[in-house]
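Okay, everyone, let's get started. I'd like to walk you through how the chains in this one sit against each other, so have a look at the picture first.

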Protein chains: 4
Amino acid sequence: MIQNPIPWPNGAKCACAITFDIDADSLIHVARPGDSHNRLYPISMGKYGPDIAVPRILETYKRLGIKQSFFVPAWCIDQYAPVMEKILEGGHEIGHHGLIHEDPIVTMGDRQRAAFEEALSIYKRVCGGKPRGYRAPVYNITPQVVDLLIEHGFDYDSSLMGDDIPYLLEKGGNNIAEVPVHWGCDDWPPFAHYEEIGYVNHVQPPSVGYQGFFEEFDAQYEAGGFFMMIVHPFLTGRLARWRVIEKWLENTMATKDVWFARLDEIVDHMRSLEQSGEYTPRKDILPYYPEQVIRAEAAE
Amino acid sequence: MIQNPIPWPNGAKCACAITFDIDADSLIHVARPGDSHNRLYPISMGKYGPDIAVPRILETYKRLGIKQSFFVPAWCIDQYAPVMEKILEGGHEIGHHGLIHEDPIVTMGDRQRAAFEEALSIYKRVCGGKPRGYRAPVYNITPQVVDLLIEHGFDYDSSLMGDDIPYLLEKGGNNIAEVPVHWGCDDWPPFAHYEEIGYVNHVQPPSVGYQGFFEEFDAQYEAGGFFMMIVHPFLTGRLARWRVIEKWLENTMATKDVWFARLDEIVDHMRSLEQSGEYTPRKDILPYYPEQVIRAEAAE
Amino acid sequence: MIQNPIPWPNGAKCACAITFDIDADSLIHVARPGDSHNRLYPISMGKYGPDIAVPRILETYKRLGIKQSFFVPAWCIDQYAPVMEKILEGGHEIGHHGLIHEDPIVTMGDRQRAAFEEALSIYKRVCGGKPRGYRAPVYNITPQVVDLLIEHGFDYDSSLMGDDIPYLLEKGGNNIAEVPVHWGCDDWPPFAHYEEIGYVNHVQPPSVGYQGFFEEFDAQYEAGGFFMMIVHPFLTGRLARWRVIEKWLENTMATKDVWFARLDEIVDHMRSLEQSGEYTPRKDILPYYPEQVIRAEAAE
Amino acid sequence: MIQNPIPWPNGAKCACAITFDIDADSLIHVARPGDSHNRLYPISMGKYGPDIAVPRILETYKRLGIKQSFFVPAWCIDQYAPVMEKILEGGHEIGHHGLIHEDPIVTMGDRQRAAFEEALSIYKRVCGGKPRGYRAPVYNITPQVVDLLIEHGFDYDSSLMGDDIPYLLEKGGNNIAEVPVHWGCDDWPPFAHYEEIGYVNHVQPPSVGYQGFFEEFDAQYEAGGFFMMIVHPFLTGRLARWRVIEKWLENTMATKDVWFARLDEIVDHMRSLEQSGEYTPRKDILPYYPEQVIRAEAAE
């Protein structure tokens, strides 16, 4: 079912990654900048992530012996610096996730560059070094951000939905890897209830909300593909939900031949196969469209 | 339960069609014309359709030996011309689906005619000949479009919900066939998560999202009716979802007496029965209402 | 669990009513009065009700030997007059449901009276006589409408949610019966997909969409209460959905001691118990509030 | 899974509370202040709570011998005073829930203080004494409200989501307890269908709507934590739904070692452990942010 499957290390049938976006309370500050400091309920809902959920998640990872990727807006890296240290101590990866979860479609041009680079300097101060991967807030990566990623030597982005497995984005003669996301494996639709951000859905029971994720895994496993969850500590790190994920992890590790890895490791693996000529990744050339597709007059 | 069931070829108990609307990234260009070229996430989400999903779907169809219908906006026909060639090589049908998925309620009058006919000329250039069928973007067919369909010799429309089985639309003394759709068999409600288009629903698990479709099939099968899915490659062509459909197809073909066909074949069949006097389709006379139903003052 | 259950005829454990609101295409004309006549998709979706679904429903009722209530906007009574005749021939009841499904909260004052009474005169012309019951479009009955119901000698309203079983509304010394509705037994939330009216939910599978209804029935049956579905032919009369209801009806009639009746019969029964002193209905005195509850300045 | 579990009385494995917010029809008066007195449908939907559901709930509590907490806007306390008396007679607790369910984020400053204190004086007149706990309407507690709680000697708030178990909020050197809520145990998402307040979801079947709640309980029970439902009589007190809760209560009390208690009792227990040095609650220092987090210019 997958045209060009990547041969995984040690003959594993599938590569898997659980990626947590630690947005914490950045979301309400962006959604309601005028009075978010007075909105204690969404602040507390977000803070549950780094304060309560992340230690729980790290404990599970430690017990199971896996290392995974986290994406964190720089403002959150700063606010919750001790949590970042614990993540790094566990051997996990922290990627760039904007300055304060600002939508890159909104902050274009000079402002985008300034925010992107301020985030890098906060990252360096708290985490040391620089991130190898990036995920755009609300997935809204722009061509300008791709340029910034290339300029700053990033190895990969993880914001697009163009394939089931990692592929390449080429722009201006350079390329970076793309580790694709998918709405069917994102915990926002089943679990977010956040009126200030436009979500008033039924909150799914833990046993139901991840059912689709696990069916995606089963399909990817059968096809020798790649399975990634895009989840948030304040949602998926809640007690009853994390039990579901934890049990799935335990069961999968015990019964399946799966490679759980950080995204940077997955990208390194693909790149090494590419260099040795064992594998040729699919490549998308950017920009898809150099200018507006529908001319102003036609668009009404 | 169906008043005037159509006798299907070879005594089949039910006619079935899987119809894919390949909207690809046209949707974001229409939804956000000002900056859609910078919105890489929805572009990539849409491109997954022709790039990844359609080859997968065609492979299944080939293996199972069925031919089906696709509806494609002309802009997508042009952008993804090699994919169209593969569809046609497989013996499938490509129908008219607007110029770039513009809503016909918005583009009325001269603009509608121009878009409709520009789409025909792109179709001719890429696909050869002209389409026999039409499906309106967002189902919003207007009386003007019905006139255009009749003027250009179309055989059928597939945008309305007035019956369970194909029927006729008569306007100005001419008629075309209507192959009716239904929200209960459209993959947009269970699977689309597309904030820019107003969809922020829970994304259903693959095994759940099509459950209602299959119950519709069971009811139509029992009644000797007609069952059609209205689906999109970027949604239904995702790996785990397509496995569900594929298995249903395999199981249904193995255990039921069903006629899987292109919509043009289904219409031809109904028309030949009509000509031989074996069957009289139900007919709706258009326009339903020559002018506004609620006068301006009454409507506030 | 019910404080003052009504003793039902012949010792039945529960009274049941399936009430269909035949809104047909009135909904789109009210939602988009400027161009609804050009919107063939929602027109056809609505017309499915009287054209395809109502004959199906009447056939089931006839086979099972039950008589039920329908509520129809007068404009639809006029447009689909032959369908109304068939309903009345079957011994069913047709109630007042506005002139063209206008929201009574919007059309207050003289306009409300004019619409209400024009509906009565259309009713008289097509159906003969006058309706005994009323259901407000979108349930939005106002005190003014209650006055009109009393003035015109109506026996009941069915728009409110103040109890599990029928009760009384008193206003200005007179009273009428209230046969209460409930969102948990309305087919709009599980099945409507109607962007023009603000509904873009997942369309539930037929087997799932009525599950909550049937649980409500089970609870009412156990408590000796009253169970009513508020459904629409264009939704619940679809083939696969009506099969679910039909099977539930068959099974319930075969295995339970239930009184299926028209709402006017249910109200007559309660009134006769009231007159004989065997039962005292709960009574709400209107208006609940003679004027605005939150004064303008306090409401911002 | 819980870092610092609270030892519960008599070795119980989990503390549980069912908290009902009796908002009644206050919601529609706040949502549509201009004409809510004419909106009989939402008024009746809300009145079902105190009129029909609360007596049912109290009967269950009495039979099972448990005492629980209710939160009621003062306007509702006044309107439904006899219901409040019955609640207090049953040994239950009534907490502060605003004056008329006004959103504290909207009513800041002098208006907030005035509303808060007017609510206290209504409470005193109807209920006697003063409330020990507070829950903010729509959970939107502000730093100003925390100050008011401390100033008026409240023992706890129950509006935030920062932890699984009770913790402390410190502000200006004083602290009160926080008994945290969670969207996964709130009946609004699965059951509210209230267009005037922006909710048009599918109404979940009773057996499905609480499934997630019970999974949360199971997880908390296993971890020795705290489980609280945040429910509303007009939703959860409906017949079929209350049967689900009642059966769960009966089954849980029969088979598990759980402490069902009022929130004030739970807070008292935690405080007594704190004083005896047996337990140190986690503490959050307020304000989280003394001023706007994103400066005006950066926020666009």
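Before I give you a number, one term: buried area is the accessible area, taken with a 1.4 Å probe, that two parts lose on being put together, summed over both. And keep in mind that what you're looking at is a predicted model.

So, how much do chain C and chain D bury between them? It's about 4,100 Å², and 60% of that is on carbon and sulfur atoms. In terms of residues, 50 from chain C are in contact with 45 from chain D.

Now, how are these two copies related? Take chain C, rotate it by 90 degrees with 0.0 Å of shift along the axis, and it superposes on chain D with an RMSD of 0.0 Å. That's the relation of a four-fold axis. The two copies use different surfaces here, by the way: just 2% of the contact residues of chain C recur in chain D. And which residue of chain C comes closest to the rotation axis? That's C:Asn201, with its C-alpha at 4.7 Å.

Let's look at what holds hands across this interface. The rule finds 3 salt bridges between chain C and chain D. One of them pairs D:Arg243 with C:Glu222, and their closest N and O atoms are 2.3 Å apart. On top of that, there's a count of 15 residue pairs in polar contact, with both residues at pLDDT 80 or more.

Where does the chain C side come from? The elements giving two or more residues to it are helices H6 (143–151), H7 (188–191) and H9 (211–223), plus strand E10 (283–286), all of chain C. H9(C) gives the most, with 9 residues. If you sort that whole side of chain C by type, you get 26 nonpolar, 14 polar and 10 charged residues.

Okay, what about pairs that don't meet? Chain A and chain C have no contact, and their closest C-alpha atoms lie 9 Å apart. Chain B and chain D don't touch either, with their nearest C-alpha atoms 10 Å apart.

Last bit, and this one comes from a record. An unreviewed UniProt entry places "domain: NodB homology" at residues 49–156 of chain A. In the model, that span is 54% helix and 10% strand, and its end C-alpha atoms lie 25 Å apart.

That's me done, thanks for listening!

Conventions. Residues are numbered from 1 along each chain as its sequence is written. Chains are lettered from A and ligands numbered from 1 in the order in which they are written. This is a predicted model: local features need pLDDT of at least 70, side-chain atom pairs count only at pLDDT 80 or more; totals for chains, interfaces and linings use all residues. Side-chain values use heavy atoms; hydrogens and water are left out. Copies are superposed by least squares on the C-alpha atoms of residues with pLDDT of at least 70 in both. Contact means heavy atoms within 4.5 Å. A salt bridge is a side-chain nitrogen of Lys or Arg within 4 Å of a carboxyl oxygen of Asp or Glu. A polar contact is a pair of N or O atoms within 3.5 Å; within protein, one must be able to donate a hydrogen and the other to accept it, and residues adjacent in sequence count only if both atoms are side-chain atoms. Helices (H or I, at least four residues) and strands (E, at least two) are DSSP runs, numbered from the N terminus. Ala, Val, Leu, Ile, Met, Phe, Trp, Tyr, Cys and Pro count as nonpolar, Asp, Glu, Lys and Arg as charged, and the others, Gly among them, as polar. UniProt positions are given in the numbering used here, feature names are shortened, and annotations may be inferred rather than shown by experiment.
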